[in-house]
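Please open the structure in a viewer and keep the sequence at hand. The tour below proceeds by selection, from a helix pair to the nonpolar cores and then to the aromatic rings.

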Amino acid sequence: MRLVIDTNILVSALLSENSLPAHLITLWRQSYFELLTAPEQLAELGRVTRYPRIRERVSASLAGRFINELRDIAVVVARLPTLDVSSDPNDNYLLALAGAGAAAFLVTGDKRDLLALGRYEQTRIITVRDFLTLTKRLP
């Protein structure tokens with residue numbers, strides 16, 4: 001099974017090692033699913049983890065190791081189609097990634113834009129809790 005995990009969930013996993021997002025990352029590290037990412041997401045993650053409010057809680061070395069792990073172990077989809085589907089244009093690359101990578105799920109906390117869609121092509125758009133409940137993987 002392939003997943004796209006929204007950057008907000010990846011950052012949440014870094015912020016709290018006992019959170020549901022962190023549990024989701026643990027499942028990926030245990031090869032429960034394949035994680036899809038793209039250069040756009042890696043750049044966004046690098047940018048977001050440098051914000052002062054994030055930097056106060058996540059060290060540069062931890063953020064850098066995580067980005068490198070994603071780059072080295074996740075499935076990187078280098079070329080994404082251009083889309084105009086989401087009401088937030090910054091989310092379109094995630095939908096393009098889900099479609100191009102044939103993701104079963106896009107896991108996000110973005111209620112207004114992504115979760116409101118519910119689905120994009122073959123990809124269900126759900127929360128971390130809903131994914132963990134559906135797959136019977138709640139901690």
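Helix axes are here lines fitted to C-alpha atoms over the stretch in contact, and angles run from 0 to 180 degrees between N-to-C directions. The model on display is predicted.

**First selection: helices α3 and α5**

Select residues 39-48, helix α3, together with residues 60-73, helix α5. Their axes come within 10 Å and cross at roughly 175 degrees. Angles over 145 degrees count as roughly antiparallel, so α3 is roughly antiparallel to α5. Now display the side chains at the contact: L42, L45 and G46 from α3 meet F66, I67, L70 and R71 from α5. Coloured by class, these contact residues divide into five nonpolar, one polar and one charged.

**Second selection: the nonpolar cores**

Which residues of the largest nonpolar core touch the most other members? Of its 30 residues, they are L3, I5, L24, F33, L70 and F131. L70 also belongs to the contact of α3 with α5. To see where the core draws its residues, colour β1 (2-5), α1 (7-15), α2 (20-29), α3, α5, β4 (105-107) and α8 (128-134); each supplies at least two of them.

Next, centre the view on F33. Neighbours within four places in sequence left aside, F33 is in contact with M1, L3, I5, L24, L27, W28 and F131. A second, separate core comprises 18 residues, and L36, A98, L106 and Y120 are among them.

**Third selection: the aromatic rings**

How many aromatic pairs does a search of the whole structure find? The search finds three. Begin with Y32 and F33: the ring centres lie 6.5 Å apart and the planes stand at 90 degrees, so this pair is edge-to-face. Are the two residues buried or exposed? Y32 is partly exposed, at 25% relative accessible area, whereas F33 counts as buried, at 4%.

Keep F33 selected and add F131. These two rings also form an edge-to-face pair, with 6.0 Å from centre to centre and 85 degrees between the planes. The pair links distant parts of the chain: F33 sits in the loop between α2 and β2 (34-37), F131 sits in helix α8, and the two are 98 residues apart. F131 is buried, with a relative accessible area of 0%.

To finish, add F105 to the selection. Together, Y32, F33, F105 and F131 form one aromatic cluster.

Methods. Residues numbered from 1 in each chain as written. Predicted model: local features only at pLDDT ≥ 70, side-chain atom pairs only at ≥ 80, totals over all residues. Heavy atoms only, no water. Helix = DSSP H or I, 4+ residues; strand = E, 2+ residues; numbered from the N terminus. Parallel < 35°, antiparallel > 145°, perpendicular 65-115°, else oblique. Contact = heavy atoms within 4.5 Å. Nonpolar A, V, L, I, M, F, W, Y, C, P; charged D, E, K, R; others polar. Core = buried A, V, L, I, M, F, W, Y, C linked by side-chain atoms within 4.5 Å. Buried < 20%, exposed > 50% of the residue type's maximum accessible area, 1.4 Å probe, protein only. Phe/Tyr/Trp six-rings, centres within 6.5 Å; stacked < 30°, edge-to-face > 60°.
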